[in-house]
Structure formats: structure tokens, C-alpha cells
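Me: I would like to learn how to read the features of a model like this one, taking each idea in general before turning to the case at hand. Could you take me through it step by step?

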Amino acid sequence: MKIPRAFGVVGKSSARASLAVLAAIFLTACSPFDAARPMMDEYVERLGRVLETDPQFSELAPAPILPRRRERVLDMPELELGMLDFLSLYGCDLQFVVGEKNSIMGKVMQPLNRLRYELRFIASAGKCLQSSIDDGDEKLQDTLQQAISSKRENLPIALWNATWGVEEVENLFTTSKGFYPVIAKNPLSDLAREAAQLERAARSLLSGELEQNLDFAGAVQQRWQAEYHAGQLINSALLVAARLNDGTAVIKRRLAQRPLCLNGNPNNQSTIVQGMFISIYIGKVQPYLADLRRARIELLEPLAQLAQIQTAVMPQSFQHWQALALPADAGVASANAGNAGVESANVWDNLDKAVADHTRGWQKLLEQCGLRPGA
């Protein structure tokens, strides 16, 4: 049976319409401004095009890698076996705490549970000490005093292992998951809030305020296991700094040639340049810069403080990584960003400097046409 011609025409029209829709979807999905790397590359490409100067793309610096767990975990000193056996004989709550540690599960405690155990031990030993004073048991008093002093002295080690020594933090800081999204599907609100909460609790413990509720910490580490935004932020800081420096080099090469405008009067090219500046740099790149800065302040700075307050026990390999990957003191970073001659190995200092240099480049360029931003 022959198919009527009308049906054939409709079929072709439908096919063309379907192809047009698919093409539109494909082009929309492939917009270079939907992801960090193509956006920054496209920005430098367009900058070179409007300034009639070929861009040169630099290699991205390697991201600093969090030290392996065996390099981060500290050895936790134990009480002498005889002391533990002695304490386990007495009927106060400490007897049950010591029994928990001596159990099969107690011998393989995860770092967070070990920190909780140390805090329970100190609290129970303190109560037991008061009872022994009332009973006049001097031998028990001496043993308890020694045990409490030892536990308090080594508490920073338990805290370090329960924060930076855990396996979950490796996922949070992995650099194998690409760049921070241009439009983040999972906002940082929970990660950021919990990072600040954990830093406050750690600071209180180190200052001797041991009655801390750490029930929230397990959920924090579960989130670290599932999300990897910290590592993505480090990758993005390296990417953006490199491409902004590439763009600054394009601007400097153009500044070394004839002025963009003669006698400071705008012309057709300056209109195109200004349009690209507003639509791409202001409209696309700067919102991403703002997202990176917000995430840095809300997530990475509390984590940097969590590391900084534990420098007394921090392993050397971690010190090196921290100096590269985590935000430095805010005042120092701002000072470095304002000084074009300052070079730093810190990822975030270098990003600040790249932004400052790029801003100055645009100001000088547009100033040639009386279009300087903020003038």
C-alpha cells in the first residue's frame, strides 16, 4: 500500500522540527558558560579576539594533595596496663569506661569514638577521684590523678585524629572530582555550618571545656564522605587564577601596542570591548568569582581554623599541605593581593593576586577610552 503524499510531507516536517529541537537542546547543553573550565577558556579566547591579540594558555599548576592517612594519624599513647587493671577493679563509673576500652570493639575504636572515650574517661575519673578523697583511699587518688593528667595531656592527639586523621576528610578534599560547579546543585550551607560547629567544639576542648556534646560530629563526617566540594574549590582556584593571568597577559600585550582609543574618544572597537567586558567578565566570570569567595569564607576558612588551632600536634607533611591548600590569615591574604609583586605558593593568595592584577589591567585598558570602571 502506498503512503499518501500528505503523510510523507508531514513526516518530513516533523523530522525537521525534531532535529531543530534536538539541535537547540544540544547547543544549550553545550554552552561554554555552564562549567568552569570551558567558561574560563572561552573568556580568554574572546578577550584575545576583541583585542586582536592571540591568547596563550598556561598549564594549570598541580593541586596540592592531602597527605595519606598513615601520614596524618598520630600515635595515641596508652595508659600502662597495670594502671588500667587497677582502675577497672573499683566500682565507680570509671570501671565500666575502662571495660569498654578493653573489649574487642574498644580495641578497634574509630578516631571519633576514641575521642569520646577519652572524654568519658576524664569525666568518670574526676568523679571517682572525688569519691576516693571522701573515702581516704590515697593509693587510688594517686593513680587517678596520674591517669587524668595523662589523658588531658594527650587529648589534643585524640582530637587531631578525630578531625584531620579520619578517612572521610580525604573525600572532602579529593581533587579528582573536577571543578566547583558554576551552578552548585548541592549548596554549601550544611557543610559550612557543620565546619564552623566542629571548629567551635574543637576550640572549646583545647581550652579545657571538656563537657562538649559531640553527637553531631558523626553526621559531619558522613557528609564529608559524600561531598567533595573542598577539593573542587582548590581546583577552581588554580584554574581561575591561571586563566585570569592569561587574560591579564593579553591585556598587557594590547596596552603595549597602539592605544585602544585615540585622544580618549570611544570608537567601534572600544564599544565591542566594553560590551564583552560587561556581558562576559561582569556577567559570567565575576559571579563565579563571588561563589568561590563565598565558599572559601563559609567552608574553607572554618576548616583552616580547625587546622590552625591544632598546630601543636600537626604532622609536618600536613603543615606543608595546609600552607598550600587552605586559606591563610585573611589580613595577610588581602595584603598580598594588593601587592602585584608578591608571589605565594598558597592557592588562595595566588587567586587574590590574579584577580587584583586582572582588575588593574581592565582599568588601564578602558581608561584609554574614558570608560574606566568606577570612574
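The dialogue below goes through confidence, a disulfide, cores, salt bridges and some individual residues.

Me: Before anything else, what kind of model is this, and which residues count for local features?

Reply: This is a predicted model, in which local features need pLDDT of at least 70 and side-chain atom pairs count only at pLDDT 80 or more, whereas totals for chains, interfaces and linings use all residues. Residues are numbered from 1 along each chain as its sequence is written, and side-chain values use heavy atoms, with hydrogens and water left out.

Me: What average pLDDT does the protein chain have?

Reply: In general, pLDDT is the predictor's confidence in each residue, on a scale from 0 to 100. Here the protein chain averages 86, and 82% of the residues score at least 70. Over residues 1–13 the pLDDT is below 50, and this stretch has 0 contacts beyond near neighbours in sequence, a contact being heavy atoms within 4.5 Å. Residues 20–28 also stay under 50, and for them the model has 1 contact beyond four places in sequence.

Me: How many disulfides are there, and which parts of the chain does the pair tie together?

Reply: A disulfide is a covalent bond between the sulfur atoms of two cysteines, and the criterion is a pair of cysteine sulfur atoms within 2.5 Å. By that rule the count is 1 disulfide, formed by Cys261 and Cys369 with their sulfur atoms 1.9 Å apart. Cys261 lies in the loop between H11 and H12 and Cys369 in the segment after helix H15 (347–367), so the pair ties together parts that are 108 residues apart in sequence. Helices here are DSSP runs (H or I, at least four residues), numbered from the N terminus. The link of Cys261 and Cys369 is right-handed, with 90° about the S-S bond, and both cysteines are buried, where buried means under 20% relative accessible area, exposed over 50% and partly exposed in between (1.4 Å probe, protein chains only).

Me: Which residues of the largest nonpolar core touch the most other members?

Reply: A nonpolar core is a set of buried Ala, Val, Leu, Ile, Met, Phe, Trp, Tyr and Cys residues joined through side-chain atoms within 4.5 Å. Of the 84 residues in the largest one, Tyr43, Leu115, Trp164, Phe173, Trp224, Leu303 and Trp362 touch the most other members, and H12 gives the most to this core, with 16 residues. Apart from it lies another core of 17 residues, among them Met83, Tyr117, Cys128 and Ile148. Leaving aside neighbours within four places in sequence, the contacts of Tyr43 include Leu244, Met276, His358 and Trp362.

Me: How many salt bridges does the structure hold, and how far apart in helix H11 are Arg243 and Asp246?

Reply: A salt bridge is a side-chain nitrogen of Lys or Arg within 4 Å of a carboxyl oxygen of Asp or Glu, and the structure holds 21 of them. The side chains of Arg243 and Asp246 meet in one (2.7 Å, N to O); being 3 residues apart in helix H11, the two are separated by about one helical turn, and both are buried. Arg360 forms a salt bridge with Asp357, the closest N and O atoms being 2.6 Å apart. At 29% relative accessibility Arg360 counts as partly exposed, whereas Asp357, at 14%, counts as buried. Asp190, Arg193, Glu194, Arg223 and Glu227 are linked in a network of salt bridges.

Me: Where is Glu52 found, and is Glu52 buried or exposed?

Reply: Most residues other than glycine have a negative phi. Glu52, however, has a positive phi near 55°; this residue lies in the loop between helix H2 (36–50) and helix H3 (69–72) and counts as exposed at 56% relative accessibility. Asn263 also has a positive phi, of about 60°, and is exposed with a relative accessible area of 76%.

Me: What does the side chain of Gln269 reach?

Reply: A polar contact is a pair of N or O atoms within 3.5 Å; within protein, one must be able to donate a hydrogen and the other to accept it, and residues adjacent in sequence count only if both atoms are side-chain atoms. The side chain of Gln269 reaches the backbone oxygen of Val50 at 3.0 Å. Gln269 is in helix H12 and is buried, with a relative accessible area of 17%.
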